Amino acid sequence: MISRCLTGILAVVIWTALFFSPELPRTQAQQTPSPQAPYTFRTDTHIVLTDVTVTDAKGKPVHGLHQSDFHLFDNKELQEIASFEEHTGTPAATLISAASPAGDYSNDYLLHLPAVLNIVLIDISNIDMADQMYLYQELMKFLREQPVGQPLAIYLRAGAGCFLVQNFTSDRKLLLDAVHKAIPRFPPLNRQYLFDFDTLRDIAASLSQLPGRKNVLWFSGGSTFFLQPDAVSVQNDAAWRDLYDQLDQERIAIYPIDARGLLVADPRGAMVLGAQHLIMNNQAKATGGQAFYNNNGLSEITEHLLDTDSSFYTLTYSPHNLRFDNKWHKIRISVGEGTYRLSYRSGYFADGSLRDAKKPSNNTRTR
């Protein structure tokens with residue numbers, strides 16, 4: 001006989017597989033590319049913008065590909081690529097000032113941002129104290145060894161919402177101090193009510209004013225869905241679709257990283273651990289990121305992501321015969337020759353909100 005506890009876990013696993021699958025409908029609204037690469041869109045044309053990272057067998061970014069090397073499919077139908085641009089991850093050492101004088105606050109950094117922004121999100125909603133200590137050591141190790149000039153912002157999720165600990169800076173001391181301020185600390189009370197949805201929604205809102213692509217390195221202790229036995233019953237599919245709309249519009253790629261490192265099994269059972277990693281994988285695929293788990297090299301993962309994901313390609317296309325039919329449109333991209341690993345968002349949901357959204361004037365330049 002299956003116990004009530006196991007039945008609940010099975011329900012959660014089935015729900016996460018269905019809901020978080022890349023095949024789940026998601027809306028793709030008008031995209032806003034980086035100011036470094038303005039595009040001119042017509043009001044009667046729906047434009048899909050997709051950032052694609054391409055790495056080789058060793059995980060190194062692949063440069064020098066041409067538009068003709070890419071083949072893009074929308075619901076298995078080959079599309080014509082309207083625009084193409086390579087971003088080479090040029091170091092931003094001189095783009096962001098180190099720090100403002102004590103007591104002075106300015107948003108001048110918004111005028112000098114690189115094409116790609118990297119954000120470290122430390123989410124202690126589901127990280128125990130021992131794992132926080134290990135994450136602290138790994139982040140401090142990375143920051144001490146990283147090349148000078150790599151700008152980062154650090155956010156903390158430690159309760160009702162995410163808050164900024166350190167704004168974008170390449171000053172190593174400020175970043176080290178920020179990690180020291182953030183962790184370790186006792187996990188928040190009532191953390192069973194701190195859902196992944198709220199975390200991603202807060203991040204999307206916080207980064208909405210920033211142009212270009214944003215890579216969010218999300219350190220957590222796995223999804224919090226499993227802290228509450230009836231988590232499935234409180235989920236809202238439409239709300240999740242709206243959230244993924246916003247992440248798409250803001251070009252935010254999520255990189256979930258399990259701060260617990262190598263795990264044989266979750267204390268609550270191997271099935272829970274597997275379901276947590278399933279959620280991480282699908283959140284990453286839905287936004288063009290990548291999930292990392294069962295790996296103790298947290299500093300190496302961070303270094304790898306910052307070294308590779310500032311290099312990517314931006315493709316735009318207008319889907320053939322697009323109908324706002326409330327159906328999921330799967331995006332598939334391939335590169336002609338060679339063995340490459342591609343990361344890009346998995347698709348969009350063609351619902352009526354695309355037609356109702358405010359559109360720019362004809363032949364106006366959007367960003």
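Student: Which residues does Phe219 touch, leaving out those up to four places away in sequence?

Tutor: A contact list shows you a residue's neighbours in space. In this predicted model, Phe219 touches Val120, Leu121, Ile122, Asp123, Ile127, Leu135, Leu139, Ile257, Leu298 and Thr302.

Student: How many residues does the largest nonpolar core have, and which have the most contacts inside it?

Tutor: In soluble globular proteins, nonpolar side chains tend to be buried together. Here the largest nonpolar core has 31 residues, and Phe219 is among those with the most contacts inside it, along with Ile122, Leu135, Ile154, Val179, Ile257 and Leu305. Strands β6, β7, β9 and β10 and helices α2, α3 and α7 each supply at least two of its residues. Helix α2 gives the most, with 6 residues. Apart from this core lies another, of 28 residues, including Leu121 and Trp240.

Student: Let's stay with Leu121. Is Leu121 buried or exposed?

Tutor: Look at relative accessible area, where under 20% counts as buried. Leu121 has just 1%, so it is buried. You'll find Leu121 in strand β6, residues 116-123. Leaving out residues up to four places away in sequence, its contacts include Tyr155, Thr199, Trp218 and Cys162. Leu121 and Cys162 are 41 residues apart along the chain, yet their C-alpha atoms are separated by 8.5 Å.

Student: And Trp240, where is that, and what is the span of its helix?

Tutor: Trp240 is one of the buried residues in α5, as are Leu243 and Tyr244. To read a helix's span, go from first C-alpha to last: α5, with 13 residues, reaches 18 Å, close to the 18 Å expected. Just after α5, Arg251 takes a positive phi of about 55°.

Definitions and conventions
Residues are numbered from 1 along each chain as its sequence is written. This is a predicted model: local features need pLDDT of at least 70, side-chain atom pairs count only at pLDDT 80 or more; totals for chains, interfaces and linings use all residues. Side-chain values use heavy atoms; hydrogens and water are left out. Helices (H or I, at least four residues) and strands (E, at least two) are DSSP runs, numbered from the N terminus. The expected span of a helix is 1.5 Å times one less than its number of residues. Buried means under 20% relative accessible area, exposed over 50%, partly exposed in between (1.4 Å probe, protein chains only). Contact means heavy atoms within 4.5 Å. A nonpolar core is a set of buried Ala, Val, Leu, Ile, Met, Phe, Trp, Tyr and Cys residues joined through side-chain atoms within 4.5 Å.
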